[in-house]
Amino acid sequence: MSYDETNIFAHILRGDIPCTKILEDEHCLAFADINPAAPVHVLVIPKGSYIDWSDFAQNATDKEQAAFTRMIHKVAETTGILETGYRVVSNIGQNGHQEVPHLHAHVLGGAPIGPMVSSR
Ligand code: AMP
């Protein structure tokens, strides 16, 4: 599967459509999820064209990978959820229920987030 340049996060990165930016650095962008599932719900994405976590883990540089990890922490710090705790989720592929084929980490907090996965 190749990277789809028309996915919505690629449009956000190109500036074609707006986002509510929380933080940005050379390698990553963090912005508010348009349909928040918690009081704090921020998406962290790499600026490089990576489909999902596995693509990123195999093909991103060490600098890109370090920046992504640190950006998630900085988002928690900036949004004030560091002390109370938060959850980081990345959905991957069909069974992971990934809707947008550009790697993203959901950073969720601001209230108890509930069970890790829905029961069957
Ligand atoms: P996933 O199911 O893990 O691929 O999550 C995709 C997420 O992207 C969902 O939580 C959506 O609410 C969010 N989303 C989709 N379009 C936008 C957008 N234009 N701006 C911000 N978040 C978006």
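Helices, which are runs of at least four residues, and strands, which are runs of at least two, are taken from DSSP and numbered from the N terminus. With those labels in hand, this predicted model can be read around its ligand, for which H1 and E2 each supply at least two residues of the surrounding shell. The ligand sits in the largest pocket, and the points below take the pocket and then the ligand in turn.

**The largest pocket**

- The largest pocket holds about 730 Å³ of space, and of the 28 residues that line this pocket, Asp 33, Asn 35, His 41, Leu 43 and His 106 are the closest to its centre.
- Two or more lining residues come from each of helix H1 (8-14), strand E2 (28-32), strand E3 (40-46), strand E4 (86-89) and strand E5 (105-109), and H1 gives the most, with three residues.
- When the lining of the largest pocket is sorted by class, 17 of its residues are nonpolar, eight are polar and three are charged.

**The shell around the ligand**

- There are 16 residues around the ligand, and those that come nearest are Asp 33, Asn 91, Glu 99, His 104 and His 106.
- H1 gives the most to this shell, with three residues, just as H1 gives the most to the lining of the largest pocket.
- The shell divides by class into eight nonpolar, six polar and two charged residues.

**Polar atoms close to the ligand**

- In the side chain of Asp 33, an N or O atom is 2.5 Å from an oxygen atom of the ligand.
- The backbone also takes part in the list, since a polar backbone atom of Ile 34 is 3.1 Å from a nitrogen atom of the ligand, while a polar backbone atom of His 97 is 3.3 Å from an oxygen atom of the ligand.
- On its own the ligand has 500 Å² of accessible area, and the protein covers 85% of that area.

Key. Residues are numbered from 1 along each chain as its sequence is written. This is a predicted model: local features need pLDDT of at least 70, side-chain atom pairs count only at pLDDT 80 or more; totals for chains, interfaces and linings use all residues. Side-chain values use heavy atoms; hydrogens and water are left out. On a 1 Å grid over the protein atoms alone, a cavity is a set of points where a 1.4 Å probe fits but cannot get out, and a pocket is an open set with protein on both sides within 12 Å along at least five of seven lines; lining residues have an atom within 4 Å of a point. Grid points are joined across faces, edges and corners, and a volume is the space filled by probe spheres set on the points. Ala, Val, Leu, Ile, Met, Phe, Trp, Tyr, Cys and Pro count as nonpolar, Asp, Glu, Lys and Arg as charged, and the others, Gly among them, as polar. A residue is near a molecule or strand if one of its heavy atoms lies within 4 Å of it. A polar contact is a pair of N or O atoms within 3.5 Å; within protein, one must be able to donate a hydrogen and the other to accept it, and residues adjacent in sequence count only if both atoms are side-chain atoms. Accessible areas come from the Shrake-Rupley method with a 1.4 Å probe; for residues, only the protein chains shown count as cover. A molecule sits in a cavity or pocket if more than half of its atoms lie within 2 Å of its grid points.
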